[in-house]
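Good morning, and thank you for coming. I shall present one protein model today and take its features in turn. Please look at the sequence and the structure first.

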Amino acid sequence: MPAGRALQVPNAYGRRVIIAVDQKLTLPLVIQVNDDKGLFEKFEFNDIVANQPIPAQEFTKDFKGYKL
């Protein structure tokens, strides 16, 4: 998709959603949701490192790192 072109995506909770995508990683850098009153929520992602390995141990019920 060319830079600067608008893409319409249906959504269920905001009047307008703005998404900025990193051209190299094709991952979102900013997601901003506006409703009828203005800014509803905004997420900004920095220092993204894509495709990091996740050890199989993290997918077990006994993994203590998440303290569930």
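Let me begin with a single residue. Phenylalanine 43 is found in strand S3, where strands are DSSP runs of E of at least two residues, numbered from the N terminus. How exposed is phenylalanine 43? Its relative accessible area is 39%, so it counts as partly exposed; the classes are buried under 20%, exposed over 50% and partly exposed in between, with a 1.4 Å probe and protein chains only.

Before going further, a word on the source. This is a predicted model, in which local features need pLDDT of at least 70, side-chain atom pairs count only at pLDDT 80 or more, and totals for chains, interfaces and linings use all residues. Residues are numbered from 1 along each chain as its sequence is written, and side-chain values use heavy atoms, with hydrogens and water left out.

On confidence, pLDDT is the predictor's confidence in each residue, from 0 to 100. The protein averages 88, and 99% of the residues score at least 70. Where among the strands is confidence lowest, and where is it highest? The lowest mean, 90, belongs to strand S1, residues 16-21, and the highest, 96, to strand S3, residues 38-44.

I turn now to the sheet. Three strands form an open, antiparallel sheet in the order S1-S2-S3, two strands being paired if DSSP finds at least two bridges between them. S1 and S3 are the edge strands, each pairing on one side only. Neighbouring strands of the sheet are turned by 10° against each other on average, direction ignored; the axes are lines fitted to C-alpha atoms, and angles run from 0 to 180 degrees between N-to-C directions. As a general point, strands of a sheet pair through backbone hydrogen bonds.

Let us follow the pairing across the sheet. S1 is joined to strand S2, residues 28-35, by six bridges in the antiparallel sense. Within this pair, alanine 20 stands opposite valine 30 in S2, and isoleucine 18 has glutamine 32 of S2 as its bridge partner. Glutamine 32 in turn stands opposite lysine 42 in S3. S2 and S3 are likewise antiparallel, over six bridges.

The connections come next. The hairpin of S2 and S3 has two residues between the strands. In the hairpin of S1 and S2 there are six residues between the strands, and threonine 26 takes a positive phi near 50° there. Threonine 26 is found in the loop between S1 and S2 and, at 58% relative accessibility, counts as exposed. From threonine 26 to tyrosine 66 the C-alpha to C-alpha distance is 28 Å, with their positions 40 residues apart in sequence.

How many salt bridges are there? The count comes to two, a salt bridge being a side-chain nitrogen of Lys or Arg within 4 Å of a carboxyl oxygen of Asp or Glu. One of them joins arginine 15 to aspartate 36, with the closest N and O atoms 3.2 Å apart. This pair links distant parts of the chain, 21 residues apart: arginine 15 lies in the segment before S1, aspartate 36 in the loop between S2 and S3. Both arginine 15 and aspartate 36 are exposed. Glutamate 44 and lysine 42 also meet in a salt bridge, at 3.5 Å from N to O. Lysine 42, which we met opposite glutamine 32, is partly exposed at 42% relative accessible area.

Phenylalanine 43 also brings us to the surface. Together with Leu25, Leu27, Phe45 and Ile48, Phe43 forms a nonpolar patch with about 370 Å² of accessible area. Patch members have over 30% relative accessible area and no salt bridge; nonpolar side chains (Val, Leu, Ile, Met, Phe, Trp, Tyr) are joined within 5 Å, and like charges within 9 Å. The areas come from the Shrake-Rupley method with a 1.4 Å probe.

Finally, the segment after S3. Aspartate 47 lies there, and asparagine 51 does too. Neither is a glycine, yet phi is positive at about 55° in aspartate 47 and at about 60° in asparagine 51. Aspartate 47 is exposed at 77% relative accessible area, and asparagine 51 is exposed at 78%. Phenylalanine 59 is in that segment as well and is exposed at 64% relative accessibility. Its C-alpha is 28 Å from that of valine 30, 29 residues away in sequence.

Notes. Helix = DSSP H or I, 4+ residues; strand = E, 2+ residues; numbered from the N terminus.
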